[in-house]
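Work through the exercises below with the sequence and the model open. Try each task before you read its solution.

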Amino acid sequence: MKSILSESVWWLTGCPIIKMRIDVITLFPQFVQQVISCGVVGRAAEQGLLELHCWNPREYTADRHRTVDDRPYGGGPGMLMKVEPLQDAIGAVRAKNPNARLVYLSPQGRLLKQRMLADQAALGTVIFLCGRYEGIDERLIEQEVDEEWSLGDYVISGGELAAMVCIDAMTRLLPGALGDDESAQQDSFSEGLLDCPHYTRPEDYRGDCVPAVLMNGNHRDINAWREKQALGRTWQRRPDLLEATRLDDRQQELLDEYIAEFERTRKR
Ligand code: SAM
């Protein structure tokens, strides 16, 4: 069964040339730029698959001290990001990238899922807004922000790390970004399941040997084994994912086999 997610990944990988433009509004552009300094994302930027632009609200201040924070109405601890520099930075980005959705990274947003990232990557562009201090004025969120995304149920000091996570996860879905485009399709979550276990040399690691099926060169057997392991792993570790996935008869059979083998070894 192909999930909607895998269709959007397919859409991406089936598209011969795709280039993604990402704009990030941040008080720490030098920090965010590091995401393109190495690895998969760095290579994608070098190859021109990814264009990353950072916009610093500090550049849109008018006062001598280039102030980017302001006190909250009603008092209380902490500061908020000052509205005018942020609004002008948003205006400047929108002038260059008018059709992109503006996503505010926020602990109060929708919990990030691979599917959201794949769907966004398929659109080819996005603007990320990184908060700092206690966050940003609620009216600015209501009027300017299209979506709010959260990394998880915890609070970090700024949206930059969240934006970098999104940039990395979206970039690896671009055709040509990974050495082998299929590897993104085999990753956890892309088909609604966790990935299967992987092995490399040595064949015998402290008495624990690589499963024999992986050594026999029969790719049909290997693929079936991998699929069974992915199903079994998901059953053991993330049953919630399995509940959301419709298995075909063959997959159900593989999962039943896995469960039976698991129960047998547990009883021993
Ligand atoms: N007072 C805010 C609250 O409790 O909802 C938290 C502000 S936090 C210290 C500063 C900024 O970090 C936020 O505006 C947001 O951009 C970012 N941030 C913090 N936690 C995040 C999370 N879990 N996911 C995405 N962004 C987060």
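Contact here means heavy atoms within 4.5 Å. This is a predicted model: local features need pLDDT of at least 70, side-chain atom pairs count only at pLDDT 80 or more, and totals for chains, interfaces and linings use all residues. Residues are numbered from 1 along each chain as its sequence is written, and side-chain values use heavy atoms, with hydrogens and water left out.

**Exercise 1. Place R132 and list what R132 touches.**

Step 1. Find the element. Helices (H or I, at least four residues) and strands (E, at least two) are DSSP runs, numbered from the N terminus. R132 sits in the loop between strand 6 and helix 6.

Step 2. List the contacts. Residues up to four places away in sequence are not counted. R132 then touches L27, F28, F31, M81, S157, G158 and E160.

Step 3. Check the accessibility. Buried means under 20% relative accessible area, exposed over 50%, and partly exposed in between (1.4 Å probe, protein chains only). R132 has a relative accessible area of 18%, so R132 is buried.

**Exercise 2. Find the salt bridge between R132 and E160, and say which parts of the chain the pair links.**

Step 1. Apply the cut-off. A salt bridge is a side-chain nitrogen of Lys or Arg within 4 Å of a carboxyl oxygen of Asp or Glu. Side chains of opposite charge can pair when their charged atoms come close.

Step 2. Read the distance. For R132 and E160 the N to O distance is 2.9 Å.

Step 3. Locate both ends. R132 is in the loop between strand 6 (125-130) and helix 6 (138-144), while E160 is in helix 7 (residues 160-171). The two are 28 residues apart, and the pair links distant parts of the chain.

Step 4. Check burial. Both R132 and E160 are buried.

Step 5. Put the pair in context. The structure holds 19 salt bridges. One network of salt bridges links K19, R21, D23 and E51.

**Exercise 3. Which salt bridges do E227 and E261 form?**

Step 1. Start with E227. Its partner is R250, with the closest N and O atoms 2.8 Å apart. E227 is in helix 9 (residues 219-237) and R250 in helix 11 (residues 249-267), 23 residues apart.

Step 2. Turn to E261. E261 pairs with K228, and their closest N and O atoms are 2.9 Å apart. E261 lies in helix 11 and K228 in helix 9, so this pair ties together parts that are 33 residues apart in sequence.

Step 3. Grade the four residues. E227 is partly exposed at 21% relative accessible area. R250 is partly exposed at 44%. E261 is partly exposed at 32%. K228 is buried at 10%.

**Exercise 4. Describe how helix 9 and helix 11 pack.**

Step 1. Take the axes. Axes are lines fitted to C-alpha atoms, for helices over the stretch in contact, and angles run from 0 to 180 degrees between N-to-C directions. The axes of helix 9 and helix 11 come within 9 Å and cross at roughly 70 degrees.

Step 2. Name the arrangement. Angles under 35 degrees count as roughly parallel, over 145 as roughly antiparallel, 65 to 115 as roughly perpendicular and the rest as oblique. Helix 9 and helix 11 are therefore roughly perpendicular to each other.

Step 3. List the residues that meet. Helix 9 contributes A224, E227, K228, Q229, L231, G232, R233, W235 and Q236. Helix 11 contributes R250, Q251, L254, L255, E257, Y258, I259, E261, F262 and E263.

**Exercise 5. Which backbone features mark P202, R66 and R206?**

Step 1. Look at P202. The peptide bond from R201 to P202 is cis, with omega near 5 degrees. P202 is in the loop between helix 8 (182-186) and strand 8 (204-205).

Step 2. Look at R66. Its phi is positive, about 50 degrees, although R66 is not a glycine. R66 lies in the loop between strand 2 (50-55) and strand 3 (69-70). R66 is partly exposed, at 37% relative accessible area.

Step 3. Look at R206. R206 also has a positive phi of about 50 degrees and is not a glycine. R206 is in the loop between strand 8 and strand 9 (208-209). At 75% relative accessibility, R206 counts as exposed.
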